[in-house]
Amino acid sequence: MILSAVDTVESITKEDFLRKYYKPQKPVLIKGYARRWQDFDKWNLDYIYEQVGEQEVGLYDNKPADPNKATSEAVTKMRFRDYITLIRSQPTDYRIFFYIITDHLPALLKNFTYPDLGFKYFKRIPTLFFGGSEARVLMHYDVDLADLLHFQFEGKKRVLLFAPDQSDFLYKVPLSVHTVYTVDYENPDYQQFPALAYAKGFEVFMEHGDALFMPSGYWHFNRYLEAGFSVTLRSFPNSALRLLRMLKEVFILRNTDKILRKLFKKKWVDKKQQQAYRNSQRTLQKYIQNHNL
């Protein structure tokens, strides 16, 4: 992989954000951006521990989804407070995925302000994500194709970002929003996945209070370096074309994959993985020929 440092700023105006990053769809890291929130001191695991009561949460781990089950099905469940105690006391790859604040922890909504950066937020689903110090999230892009503003809290996190035009080098799985399961983005095997060596992306290290703008359709791989959590704010589609693409992804491609996965289970999953490999190998051969490598 050919990784560059992402643009990093300490502060930014709405005009500069729109001109330099939003309109050209380029990522940017805004250091300590959440610190301007009046109740920033409540964005920690202690406060959440106090607020969640007796809630039970579904947990995910680093293993690929079981082909005999729905991809959204949790591997186990645990009382939320016990989960927070676990990730603070020992290494674990357990993580909480897509915890919708408005449904489960509305008190937290009073503790932040939507940043005025010039684009419209989808305020129904601000979402939390939690991870232990061994947790990682498979390389993927978000199916709704939203522009994302992603805030990190407590522990540090490493994020890899790739623009949509790098999909063919990443071994994208057909009818899916993720790459092949066996790619190790922390220790990439370029002999097994040679096209990956030509994928151009960004490497980002996030700390408490940082905000990362991830443009629509960007691939992202997240690795929790320490136990922590994040909140993601999503935007509305900003054009009719993107809205149509989003509807196609959510209602046609996703449901087609669900039906075929339910019918053929592991056979379907394996077939997609094999096709992803063949597609990227063809892309690699064309790239080599076009660049006389």
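Where is the place of glutamine 25? Glutamine 25 sits in the loop between H1 and strand E3 (28–30). What we are looking at is a predicted model, and this loop is a good spot to begin. Although glutamine 25 is not a glycine, its phi is positive, at about 55°. You will find another such case in strand E6 (residues 95–100), which holds phenylalanine 98. Phenylalanine 98 has a phi near 55°, again a positive value in a residue other than glycine. Its relative accessible area is 29%, so phenylalanine 98 counts as partly exposed.

Let us step back to helix H1 (residues 14–22), whose buried residues are Phe17, Leu18, Tyr21 and Tyr22. These four lie on the same side of H1, because the arc they cover around the axis is only 115°. The spacing helps to make sense of this: an α-helix has 3.6 residues a turn, so residues three or four places apart point the same way. Turn to the other side of H1 and you meet Glu15 and Arg19, which are exposed.

Helix H1 also takes part in a contact with a distant part of the chain. Lysine 14, in helix H1, pairs with aspartate 116, in the loop between helix H4 (101–104) and strand E7 (127–131), and the two are 102 residues apart. They form a salt bridge in which the closest N and O atoms are 3.7 Å apart. Aspartate 116 is exposed, with a relative accessible area of 56%, while lysine 14 is partly exposed at 30%.

Now for the sheet. Five strands form an open sheet with mixed pairing, in the order E1-E11-E10-E13-E8. Strand E1 (2–5) and strand E8 (136–140) are the edge strands, each pairing on one side only. From one strand to the next, the twist averages 20°. Within this sheet, strand E10 (residues 157–162) and strand E11 (residues 200–206) run antiparallel and are joined by 6 bridges. To follow the pairing by eye, start from lysine 157, whose bridge partner in E11 is methionine 206.

Strand E13, also in the sheet order, brings us back to salt bridges, of which the structure holds 18. Arginine 223 forms one with glutamate 134, the closest N and O atoms being 3.7 Å apart. Arginine 223 lies in strand E13 (residues 219–224) and glutamate 134 in the loop between E7 and E8, so this pair ties together parts that are 89 residues apart in sequence. Arginine 223 counts as buried because its relative accessibility is 12%, below the 20% cut-off. Glutamate 134, at 37%, is partly exposed.

What about aspartate 142 and arginine 234: buried or exposed? Both are buried. They form a salt bridge too, with the closest N and O atoms 2.6 Å apart. Aspartate 142 is in the loop between E8 and strand E9 (148–154) and arginine 234 is in strand E14 (residues 228–234), so parts that are 92 residues apart in sequence are tied together. Elsewhere, Lys31, Lys156, Glu207 and Asp210 are joined into one network by salt bridges that share partners.

Let us finish on the surface. Here Leu243, Leu244, Leu247, Phe251 and Ile252 form a nonpolar patch, with about 480 Å² of accessible area together. One of them, leucine 244, is found in helix H5 (residues 240–264). Leucine 244 is exposed, since its relative accessible area is 56% and exposed means over 50%.

Note on methods: Residues are numbered from 1 along each chain as its sequence is written. This is a predicted model: local features need pLDDT of at least 70, side-chain atom pairs count only at pLDDT 80 or more; totals for chains, interfaces and linings use all residues. Side-chain values use heavy atoms; hydrogens and water are left out. Two strands pair if DSSP finds at least two bridges between them. Axes are lines fitted to C-alpha atoms, for helices over the stretch in contact, and angles run from 0 to 180 degrees between N-to-C directions. Patches are made of residues with over 30% relative accessible area and no salt bridge: like charges are joined within 9 Å, nonpolar side chains (Val, Leu, Ile, Met, Phe, Trp, Tyr) within 5 Å. Accessible areas come from the Shrake-Rupley method with a 1.4 Å probe; for residues, only the protein chains shown count as cover. A salt bridge is a side-chain nitrogen of Lys or Arg within 4 Å of a carboxyl oxygen of Asp or Glu. Buried means under 20% relative accessible area, exposed over 50%, partly exposed in between (1.4 Å probe, protein chains only). The arc is that of the directions from the helix axis to the C-beta atoms.
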